[in-house]
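Welcome! Here are some short exercises to work through at your own pace, each followed by a worked solution. Have the structure open as you read.

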Amino acid sequence: MTEMVRKVTLSRAVRTMQDLFPVEYNFYPRSWILPEEFPLFVTEVRMMKESDPSWKPTFIVKPDGGCQGDGIYLIKDPSDARLAGSLQSRPAVVQEYICKPLLVDKLKFDIRLYVLLKSLEPLEIYIAKDGLSRFCTEPYQEPTLKNLHQVFMHLTNYSLNIHSGNFIHSDNVNTGSKRTFSSILCRLSSRGADVKKVWSDIISLVIKTIIALTPELKVYYQSDIPAGKPGPTCFQILGFDILLMKNLKPMLLEVNANPSMRIEHEQELSPGVFENVPSPVDEEVKVAVIRDTLRLVDPHKKKRKDIQSQTSEHVSETREDLLDAGPAGGLEYETSKNPEAGLPSLCLKQVFPKYAKQFNYLRLVDRVAALFIRFLGVKGTTKLGPTGFRTFIRNCKLSNSNFSMASVDILYIDITRRWNSMGIDHKESVTFLAGMCLQAFVEAFFCLAQKKYKSLPLHEQVASLIDFCEYHLAALDEKRLLCGRGVVERRGAAVTCPTDGLEVTPALHAPLLNRTAAAGKLADCRSHRYPAAVSPGAGRD
């Protein structure tokens, strides 16, 4: 997770989704990844200025591995000397700066919202009902060359503003330089703002962001978590940093894999002498998040529920019998005490799968990742070798007279070499022999989709190719299942499938889909998805 929410990795993941669904993912500022996209950054800024002379942009540069505001600075032009000097030192993301934020008391602020990723498969997301609002400590002015360097005006990071002489520690959650988000919503509501829509937009932003991150997380998950281990095996509390624009549209700033859970702050008693002082705002929000996370992930919770359910049914039946027999004679029946009975209601609200129907159409890259994982071959790896890529092409029947296997090899080498040369994984060799990462496979998949379905928008091209691949793999699974049954009937003797020459045994080639699921997918595809392109007869051959 730490790797996935680094600024460069997050920007790549969101950009992939912006390519597919530009309107749905317009909550993330326009971004460029440095140093490899520096020429593109220069060119695009020049072209935008030429097309709109009134455009006077500001850009914010964020080092890839930075945290707590470290190394962040503002520039007005790509030619800024600081940018040129830092290009070779470490990777960074440069973004268009949001110049018109919502102000409270003339101060810029952001929102730290806590999100629990309870499970990857199935995907479960919870959002805390309250968060923190962290304020700058100097009145905001739109950026100019004169005030670009004033971090207390432009950067909302608590770790920076705590050092400002204007920082206000308050025992009241409604005042000071750090407040509850609910206090800001109450203030907006009193001004007539639609706070329900604000919350709805924030929930949408969180779900969409996690949908962008989950494909690669699943690749790493399958390499680290033993196969067949039942149920969710890990969880994560994420810190989403969100900025409200003047029109109340939420914009994603970044995601933190390890948000601070401190509920105190340092106070200087005398020069050089500090003590830790409780922070009521932090305590109100963070204690509830930690407490309710533990309640939700408690592995014994389901067991207790089952026992309580059985007990209550038994007690109910017993009471009915006693009522039929006459007075109970003062007998009392107690159910097992609920350990959560004395706790407040959960502060964490489930948003997925609760709203899954509204967002499942966005999970295209998730399905591409499932294809990628299927063909990885060796358990524990995260890179697809050339043989695995060729097997993917063959099994999904993507090669033809216009796209030979030689072309497949060239596509694999070109894309893999370019992605590995970007230094995405510093531990791997930069040659294409290191293998194809998920991002490279996604690019190759998009390329294949554009070749096959030229007249459609990109997201429809990708969706169509996914359906096409899943159809052929379901047919292959059904065929292997039938061959496997034949093996069982011959008392485990190896048999040869006449159509593809594969030798299979039940031990070595367990089907990836059960027979019912495979038959259902085949029936669906034959009757609805490919009436012209793929006939039922072709699927069986």
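**Exercise 1. Where is aspartate 105 found, and is it buried or exposed, or in between?**

Solution. Start with its place in the chain: aspartate 105 sits in the loop between β5 (103-104) and β6. Next, look at the backbone: the phi of aspartate 105 is near 55°, a positive value in a residue other than glycine. Last, turn to accessibility. Buried means under 20% relative accessible area and exposed means over 50%. Aspartate 105 has 38% relative accessibility, so it counts as partly exposed. Please keep in mind that this is a predicted model.

**Exercise 2. Find out how confident the predictor is, and where its confidence drops.**

Solution. Begin with the whole protein: the average pLDDT is 82, and 76% of the residues score at least 70. Then go to residues 325-336, where pLDDT stays under 50. For that stretch the model has seven contacts beyond four places in sequence. The pLDDT is also below 50 over residues 497-516, a stretch with 34 contacts in the model beyond near neighbours in sequence. How should such places be read? Where pLDDT is low, the predicted coordinates should not be read in detail.

**Exercise 3. Describe the overall make-up of the protein.**

Solution. Count the elements first: there are 17 helices and 16 strands. Now consider burial: of the 541 residues in the protein, 45% are buried. Finally, take the contacts between residues at least 6 apart in sequence: 65% of them join residues at least 24 apart.

**Exercise 4. Which residues have the most contacts inside the largest nonpolar core?**

Solution. A general idea helps here: in soluble globular proteins, nonpolar side chains tend to be buried together. In this model, the largest nonpolar core has 94 residues. Those with the most contacts inside this core are Phe240, Phe389, Phe392, Phe441, Phe445 and Val462. Helix α7 (residues 195-224) gives the most to the core, with 13 residues. A second, separate core has 14 residues, including Leu116, Ala128, Leu132 and Ala288.

Now zoom in on phenylalanine 441. Leaving out residues up to four places away in sequence, phenylalanine 441 touches Val368, Leu371, Phe372, Leu384, Phe389, Phe392 and Met436. Two of these partners, Phe389 and Phe392, bring us to the next exercise.

**Exercise 5. Follow helix α12 and step past its end.**

Solution. The helix α12 covers residues 386-395. Within α12, the residues Gly388, Phe389, Phe392, Ile393 and Asn395 are buried. Just after α12 comes lysine 397, with a positive phi of about 55°. Lysine 397 belongs to the loop between α12 and α13 (405-421). Because its relative accessible area is 47%, lysine 397 counts as partly exposed.

**Exercise 6. Where are the two prolines that follow a cis peptide bond, proline 122 and proline 353?**

Solution. Take proline 122: the peptide bond from glutamate 121 to proline 122 is cis, with omega near 5°. Proline 122 lies in the loop between β6 (107-119) and β7 (124-128). Then take proline 353: the bond from phenylalanine 352 to proline 353 is cis as well, with omega near 15°. Proline 353 is placed in the loop between β14 (348-352) and α10 (356-359).

**Exercise 7. Which residues does isoleucine 290 touch, not counting residues up to four places away in sequence?**

Solution. Locate isoleucine 290 in helix α8 (residues 280-297). Its partners are Ile237 and Met261. Isoleucine 290 and methionine 261 are 29 residues apart in sequence, and their C-alpha atoms are 8.6 Å apart in space. With a relative accessibility of 34%, isoleucine 290 counts as partly exposed.

**Exercise 8. Which residues line the largest cavity?**

Solution. First, the idea behind the search: rolling a probe the size of a water molecule over the atoms shows where empty space is left. Across the whole structure, two cavities of 30 Å³ or more are found. The largest cavity has a volume of about 40 Å³. Its lining is made of Val5, Lys7, Leu10, Ser11, Tyr28, Lys62, Val93, Gln95, Leu253 and Glu254. Sorted by class, that gives five nonpolar, two polar and three charged residues. To finish, match the lining to elements: α1 (7-20), β4 (92-96) and β11 (250-256) each supply at least two residues. The largest share, three residues, comes from α1.

How values were computed
Residues are numbered from 1 along each chain as its sequence is written. This is a predicted model: local features need pLDDT of at least 70, side-chain atom pairs count only at pLDDT 80 or more; totals for chains, interfaces and linings use all residues. Side-chain values use heavy atoms; hydrogens and water are left out. A nonpolar core is a set of buried Ala, Val, Leu, Ile, Met, Phe, Trp, Tyr and Cys residues joined through side-chain atoms within 4.5 Å. Buried means under 20% relative accessible area, exposed over 50%, partly exposed in between (1.4 Å probe, protein chains only). Helices (H or I, at least four residues) and strands (E, at least two) are DSSP runs, numbered from the N terminus. Contact means heavy atoms within 4.5 Å. pLDDT is the predictor's confidence in each residue, from 0 to 100. On a 1 Å grid over the protein atoms alone, a cavity is a set of points where a 1.4 Å probe fits but cannot get out, and a pocket is an open set with protein on both sides within 12 Å along at least five of seven lines; lining residues have an atom within 4 Å of a point. Grid points are joined across faces, edges and corners, and a volume is the space filled by probe spheres set on the points. Ala, Val, Leu, Ile, Met, Phe, Trp, Tyr, Cys and Pro count as nonpolar, Asp, Glu, Lys and Arg as charged, and the others, Gly among them, as polar.
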